[in-house]
Amino acid sequence: MSKTIDAGARAYSLFERAFSSLQSPLLLAVRLYWGWQFFQTGLGKLMHIPKVVGFFTSLGIPLPAFNAYFVSSLELVGGALLFLGLGSRIIALPLTIDMLVAYITADREALFSIFSNPGKFYASDAYTFLFASVLILIFGPGKISFDYAIGYLWRRRAPRPQTLLEKSALAT
């Protein structure tokens, strides 16, 4: 019985390591695809800003011109940063808020149907952008990113705290 449990534990450990190794490639794929989508959306809005201002005005958004430029720039710059994996978690927060506001203002019916008609919620244009933003916000950009490389270099540069054993060796 013990051998069976040990074999099962080893198999599960192997399974877990194999699929855990896919986390960073998955986060890279999410960042590349949705970062590019955010970038293109922001660029498209900036190139057609009068239409965006008109749409924001029709939704009753306060300061529609300011908010149109703000949201367009956020999506453009935020998408580029997500794509690169630079400041990913920091930019994922305002992008998440942006998508929540998009749901509230432009697709309120879909937002409120999250439990009664989930298909309508998922079909909203904002859904996949929101999902990607939340994913990066919570899990980070992964190991294949500028954020990870900068953190790695920063940790290598920072002095290590001495252990008690090292301190006692220096004292003698």
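# A tour of the helices

Start at one helix pair: H2 passes H4 in a left-handed crossing. This is a predicted model. Select residues 23-47 for H2 and residues 64-84 for H4. Their axes come within 7 Å and cross at roughly 155°. Angles over 145 degrees count as roughly antiparallel, and H2 and H4 are therefore roughly antiparallel to each other.

**Stop 1: the H2 face**

Keep H2 selected and show side chains. The residues that meet H4 include Arg31, Leu32, Gly35, Trp36, Phe38 and Phe39. Continue along H2 to Thr41, Gly42, Leu43, Lys45 and Leu46, which also take part.

**Stop 2: the H4 face**

Now switch to H4. On this side, the contact with H2 includes Tyr69, Val71, Ser72, Ser73, Glu75 and Leu76. Add Gly79, Ala80, Leu82, Phe83 and Leu84 to the selection. Colour both faces by residue class. The contact of H2 with H4 divides into 13 nonpolar, six polar and three charged residues.

**Stop 3: from H4 to H5**

Stay on H4 and add helix H5, residues 88-106. Here the axes are 10 Å apart, and the helices pack at an angle of about 140°. What is the handedness of the crossing where H4 passes H5? The crossing is left-handed.

Select Val71, Leu74, Glu75, Gly78, Leu81 and Leu82 on the H4 side. Facing them on H5 are Ser88, Ile91, Pro94, Leu95, Asp98 and Met99. The residues of this contact divide into eight nonpolar, two polar and two charged. Val71, Glu75 and Leu82 of H4 are worth keeping highlighted: they appear in the contact with H2 and in the contact with H5.

**Stop 4: Ser133**

Go to helix H8, residues 125-139, and pick Ser133. Is Ser133 buried or exposed? Its relative accessible area is 0%. Buried means under 20%, so Ser133 is buried.

Next, show what surrounds it. Leaving aside neighbours within four places in sequence, Ser133 is in contact with Phe38, Ala92, Leu95 and Thr96. Two of these names have come up already. Phe38 is among the H2 residues that meet H4, and Leu95 is among the H5 residues in the contact with H4.

**Stop 5: Leu100**

Return to helix H5 and select Leu100. Leu100 counts as partly exposed, at 38% relative accessibility. Now add Tyr12 and draw a C-alpha to C-alpha distance. Leu100 and Tyr12 lie 38 Å apart in space. In sequence, 88 residues separate them.

**Stop 6: Leu63**

Move to the loop between helix H3 (49-59) and H4, and pick Leu63. Check its backbone torsions. Most residues other than glycine have a negative phi. Leu63 has a positive phi, near 45°. Leu63 counts as exposed, at 60% relative accessibility.

**Last stop: the whole chain**

Zoom out and show the cartoon. How many helices and strands are there in the chain? There are 10 helices and zero strands. From the N terminus on, the elements run α-α-α-α-α-α-α-α-α-α. The radius of gyration is 23 Å, well over the 16 Å that the globule rule gives for 172 residues, so the chain is more spread out than a compact globule.

Align the view to the principal axes. The C-alpha trace spans about 75 × 50 × 25 Å along them. Then colour by accessibility: buried residues make up 28% of the 172 residues. Finish with a contact map. Among contacts between residues at least 6 apart in sequence, 68% join residues at least 24 apart.

Conventions: Residues numbered from 1 in each chain as written. Predicted model: local features only at pLDDT ≥ 70, side-chain atom pairs only at ≥ 80, totals over all residues. Heavy atoms only, no water. Axes fitted to C-alpha atoms, helices over the stretch in contact; angles between N-to-C directions. Helix = DSSP H or I, 4+ residues; strand = E, 2+ residues; numbered from the N terminus. Parallel < 35°, antiparallel > 145°, perpendicular 65-115°, else oblique. Left-handed = near helix turned anticlockwise from the far one by under 90°. Contact = heavy atoms within 4.5 Å. Nonpolar A, V, L, I, M, F, W, Y, C, P; charged D, E, K, R; others polar. Rg over C-alpha atoms; globule rule 2.2 N^0.38 Å. Buried < 20%, exposed > 50% of the residue type's maximum accessible area, 1.4 Å probe, protein only.
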